[in-house]
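Welcome, and please take a moment to turn the model around before reading on. We will walk through a few of its places together, one at a time.

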Amino acid sequence: MGQDVDRTTFSRRDRQNYRAKVQRCLDALAVLLKEHTFARDEPMTGLEVELNLVDHDLAPSASGAAVLETMGASEFQSELGQWNLELNLPPRPLPGDHWRRLEHQLLDELATARSSALEHGAQLAVIGILPTLENRHLVADLLSPDSRYTMLNEQMLSARGEPIRLDIAGDDPSGRHDVAPEHLVADFDSIAPEAACTSMQLHLQVPPDSFAAYWNAAQCLAGVQLAVGANSPFLLGSRLWAETRIPLFEQSCDVRTPELRNQGVRPRVWFGERWITSVLDLFAENTRYFPALMPVAEDNDPFAELEAGIAPGLDELRLHNGTIWRWNRPVYDIADGVPHLRVENRVLPAGPTVVDMVANALFFYGLLRELVEAERPLWSSMSFEAAEENFTTAARHGLDGPLYWPGNGWIRPDELVLRKLLPQAASGLARWGVTTEVAERYLGVIERRCVERRTGASWQLDTVAALEARGADRPAALRGMLARYLESSAANEPVHDWPVPA
């Protein structure tokens with residue numbers, strides 16, 4: 001965030017100057033897209049995974065800083081909560097067997113983290129929401145002391161002007177247990193609830209002229225991704241959505257008061273509201289609709305950089321973009337002096353295993369390529385509202401919520417995947433140049449998950465229900481489930497093969 005990263009108060013002049021600088025960056029990006037050469041190398045992908053640390057009682061372990069120091073690995077960094085870590089793997093191409101090798105690298109990196117965590121009495125949990133979190137853990141004192149998180153916390157609370165409220169009504173995410181719906185309502189005096197969301201983020205570098213098609217396709221796929229990848233059914237002891245991380249993230253980052261929500265002010269965690277024709281549409285919306293959270297302006301001028309033949313950093317535009325959490329976010333960046341654009345897919349939770357996460361990623365990348373190169377774009381026959389409804393339905397119900405799909409009408413996600421999407425994903429991966437063996441390995445995981453109708457979320461729900469049926473109360477059932485989860489996750493057996501207690 002530049003030289004003023006430690007500032008936590010800003011004047012009206014700061015905000016005015018920052019707004020003008022963001023607009024100037026946007027204008028420079030428009031020129032850049034017309035006149036500058038962007039990276040057009042082989043398709044480069046990136047992956048980030050957010051992780052949890054738990055103690056011997058399986059409660060959150062505030063040992064993140066100590067574990068990072070022990071590892072000393074540049075691939076790992078701090079995250080919002082002191083019980084969080086983030087793993088960032090270097091960009092890599094899609095073709096060949098690169099993603100088979102990525103599975104091995106992920107396993108090695110997580111093994112290193114597990115070993116370092118053990119030195120501090122902790123274990124690693126790769127899961128969408130840590131089910132043993134309690135209200136007492138979601139406090140400002142357990143946020144990482146990094147100045148960027150301190151600033152974000154203060155600015156978001158100041159913008160909101162009142163406590164952050166979580167209000168999530170469940171309705172039995174799996175639809176298979178004869179139990180009453182549960183409802184969570186809780187207020188918090190910090191953005192710590194955001195730290196409960198641990199995700200896997202997928203990046204894909206794309207040329208400017210095809211960015212809109214890739215973003216539109218990613219929006220179409222968001223509901224399917226959630227349905228087959230759900231892994232977050234519990235929060236603060238309550239059984240809520242199949243992917244509770246979605247409403248949790250939306251509400252924990254919501255700086256609007258109820259009155260502003262009623263007026264239709266857009267949320268900072270946002271699905272969007274329309275198909276786009278250019279990446280500029282997204283950056284322009286960000287500039288038009290969202291006030292600055294961290295108005296830190298640099299001294300450089302993007303047009304002076306353009307005139308000097310240098311790809312401009314567009315620092316303020318990138319900073320502003322980083323405080324608007326679209327589920328599919330546009331990214332502008334520079335590597336080796338050459339600018340590029342990426343789609344950052346933020347839909348999926350972390351876990352349950354490395355093989356499951358790689359399968360989720362390649363399923364997404366394969367379908368994305370196939371949809372983009374289809375003779376008729378899917379989004380030309382699907383309303384944006386239908387894509388958003390699919391997203392919410394899948395978050396609520398996982399594999400049990402019917403989705404709308406052009407040519408099929410309303411169809412259960414597992415049937416849609418088995419009948420139509422798996423062959424399309426295989427074709428898309430072949431277009432990327434992914435080897436047949438790699439495609440078959442990981443798409444086979446998605447296939448078996450749909451055949452068995454077993455996701456991380458459904459396994460968690462069934463396991464907790466089985467332990468409660470044995471007489472355990474909810475906290476004990478959640479700990480028992482998490483203990484089994486950690487063992488199976490570390491073994492890297494895909495979740496569709498995990499046993500459920502009898």
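Which helix gives the most to the lining of the second largest cavity? That is helix 3 (residues 98-118), with three residues. Before going further, note that this is a predicted model, where local features need pLDDT of at least 70 and side-chain atom pairs count only at pLDDT 80 or more, while totals for chains, interfaces and linings use all residues. Residues are numbered from 1 along each chain as its sequence is written, and side-chain values use heavy atoms, with hydrogens and water left out. Helices (H or I, at least four residues) and strands (E, at least two) are DSSP runs, numbered from the N terminus.

Let us stay with that cavity. On a 1 Å grid over the protein atoms alone, a cavity is a set of points where a 1.4 Å probe fits but cannot get out; a pocket is an open set with protein on both sides within 12 Å along at least five of seven lines, and lining residues have an atom within 4 Å of a point. Grid points are joined across faces, edges and corners, and a volume is the space filled by probe spheres set on the points. The structure holds two cavities of 30 Å³ or more, and the second largest has a volume of about 40 Å³. Around it you will find Leu107, Leu110, Arg114, Val126, Pro352, Thr353, Val354 and Ser489. Sorted by class, this lining has five nonpolar, two polar and one charged residues (Ala, Val, Leu, Ile, Met, Phe, Trp, Tyr, Cys and Pro count as nonpolar, Asp, Glu, Lys and Arg as charged, and the others, Gly among them, as polar).

Pro352 deserves a second look. The peptide bond leading from Gly351 to Pro352 is cis, with omega near -5°. Pro352 sits in the loop between strand 13 (338-349) and helix 11 (354-372).

Follow the chain into helix 11, and you reach a helix pair. Two packed helices are described by the angle between their axes and the distance between the axes. Axes are lines fitted to C-alpha atoms, for helices over the stretch in contact, and angles run from 0 to 180 degrees between N-to-C directions. Helix 11 packs with helix 14 (residues 436-452) at an angle of about 100°, their axes being 9 Å apart. That makes helix 11 roughly perpendicular to helix 14 (angles under 35 degrees count as roughly parallel, over 145 as roughly antiparallel, 65 to 115 as roughly perpendicular and the rest as oblique). By class, their contact has ten nonpolar, one polar and three charged residues; contact means heavy atoms within 4.5 Å.

A second pair is helix 1 (residues 12-35) and helix 8 (residues 279-289), whose axes come within 10 Å and cross at roughly 175°. Helix 1 and helix 8 are therefore roughly antiparallel to each other. Nine nonpolar, two polar and no charged residues make up this contact.

In a third pair, helix 5 (residues 211-229) and helix 13 (residues 413-432) pack at about 135°, with axes 12 Å apart. These two helices are therefore oblique to each other. On the helix 5 side the contact is made by Tyr214, Val224, Ala227 and Val228, and on the helix 13 side by Pro413, Leu416, Val417, Leu421 and Trp432. This contact has nine nonpolar, no polar and no charged residues.

Our last stop is the second largest pocket, which holds about 440 Å³ of space. Of its 24 lining residues, the closest to the centre are Glu250, Gln251, Asp254, Arg256 and Pro267. The lining divides into twelve nonpolar, two polar and ten charged residues.
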